[in-house]
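User: I am a first-year student, and I would like to go through a protein model step by step. Could you take my questions in turn and explain each term when it comes up?

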Amino acid sequence: MILIPFFLPRIKKVTKKNAVHLIIVGYAGIFFPAFLFTLAETHINSSLAGMLNSLTPLFALIVGIFLYQSRPARNQYVGIIVGLIGALGLVSEGRTDFLQNTNIYALFIVVATLGYGIQANEVRFKLSGLNGVDITALAIMFAGPPAGIILFSTDLQHAYQSPAFWPSLAAVLTLATFGSVISLFIFNNLIKRTSALFATSVTYIIPIFAILWGIADGETITLFAIVNIVIVLVGVWMVNRKKAVVKS
């Protein structure tokens with residue numbers, strides 16, 4: 001609904017050549033991950049979810065090499081691994097108990113991050129004629145109707161009767177606005193201006209912002225967290241230090 005004013009003027013930009021790639025972006029990077037993440041996080045803890053989300057740059061690297069003939073520079077391989085180590089340290093906080101009670105639902109997030117890797121490479125290599133706003137609006141145009149059908153065929157009576165319904169609905173709208181629309185605008189533009197690897201490597205920075213929000217709420221930051229923040233930033237810097245040599 002938020003994107004209606006954006007995609008209506010851009011429908012004419014859809015062609016036979018780019019329609020398939022927009023559909024791939026819409027479903028691999030938006031539709032399926034939205035359901036997979038929310039379903040998974042009703043059965044696994046947030047630490048494990050955050051750690052698995054850090055697989056996104058790794059999948060972007062693997063998918064790019066095998067499906068899109070991407071040729072990353074050596075320092076980008078190293079940067080991906082370094083950033084992953086730092087992100088795992090931030091999410092785990094040096095503990096291993098996040099692995100307890102791991103179940104099949106953890107694989108849902110793995111599949112979702114694979115979708116993010118496909119999305120990033122599609123945007124980078126297959127949609128060169130569109131900008132970030134175009135891609136976001138048109139991709140969601142393809143993914144939105146099936147999601148709407150699922151929504152309106154779902155029995156919401158029990159949820160509506162809950163005292164938490166309206167605050168929860170407000171949270172969903174906030175996530176839609178900032179977590180989907182605005183973030184996808186920025187993310188897709190970032191891919192266009194840099195590379196799929198660099199854009200997805202910002203996933204490693206998510207735990208850093210989580211820590212900053214925690215500090216704002218009165219939590220303390222440990223030396224272990226500071227060390228891992230530095231490791232993450234070094235990894236991201238290495239990924240973007242030299243552009244990869246790619247073949248589209």
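User: Among contacts between residues at least 6 apart in sequence, what share joins residues at least 24 apart?

Analyst: This is a predicted model, in which local features need pLDDT of at least 70 and side-chain atom pairs count only at pLDDT 80 or more, while totals for chains, interfaces and linings use all residues. Residues are numbered from 1 along each chain as its sequence is written, and side-chain values use heavy atoms, with hydrogens and water left out. A contact means heavy atoms within 4.5 Å, and among contacts in the protein chain between residues at least 6 apart, the share joining residues at least 24 apart is 89%.

User: How many helices and how many strands does the protein chain have?

Analyst: Helices (H or I, at least four residues) and strands (E, at least two) are DSSP runs, numbered from the N terminus. Read along the sequence, the pattern is α-α-α-α-α-α-α-α-α-α-α-α, and the count is twelve helices and zero strands.

User: Is Thr177 buried, partly exposed or exposed?

Analyst: Thr177 lies in helix 9, residues 165–193. Buried means under 20% relative accessible area, exposed over 50%, and partly exposed in between (1.4 Å probe, protein chains only). Because its relative accessibility is 24%, Thr177 counts as partly exposed.

User: Which backbone oxygen does the side chain of Thr177 reach?

Analyst: Not counting residues up to four places away in sequence, Thr177 touches Ile2 and Ile182. At 2.9 Å, its side chain reaches the backbone oxygen of Leu173.

User: Why does the distance between the end C-alpha atoms of helix 7 agree with its expected span?

Analyst: The expected span of a helix is 1.5 Å times one less than its number of residues. Helix 7 (residues 132–152) has 21 residues and should therefore span 30 Å, which agrees with end C-alpha atoms that are apart by 29 Å.

User: Where in helix 7 does a kink lie?

Analyst: The bend at a residue is the angle between axes fitted to the seven residues ending there and the seven starting there. In helix 7 a kink of about 35° lies shortly before the proline Pro145, at Ala143.

User: Which helix gives the most to the largest nonpolar core?

Analyst: A nonpolar core is a set of buried Ala, Val, Leu, Ile, Met, Phe, Trp, Tyr and Cys residues joined through side-chain atoms within 4.5 Å. The largest has 22 residues, and those touching the most other members include Leu3, Leu127 and Ile135. Elements giving two or more residues to this core include helix 2, helix 6 and helix 9, but the one that gives the most, with six residues, is helix 7.

Definitions and conventions. A polar contact is a pair of N or O atoms within 3.5 Å; within protein, one must be able to donate a hydrogen and the other to accept it, and residues adjacent in sequence count only if both atoms are side-chain atoms.
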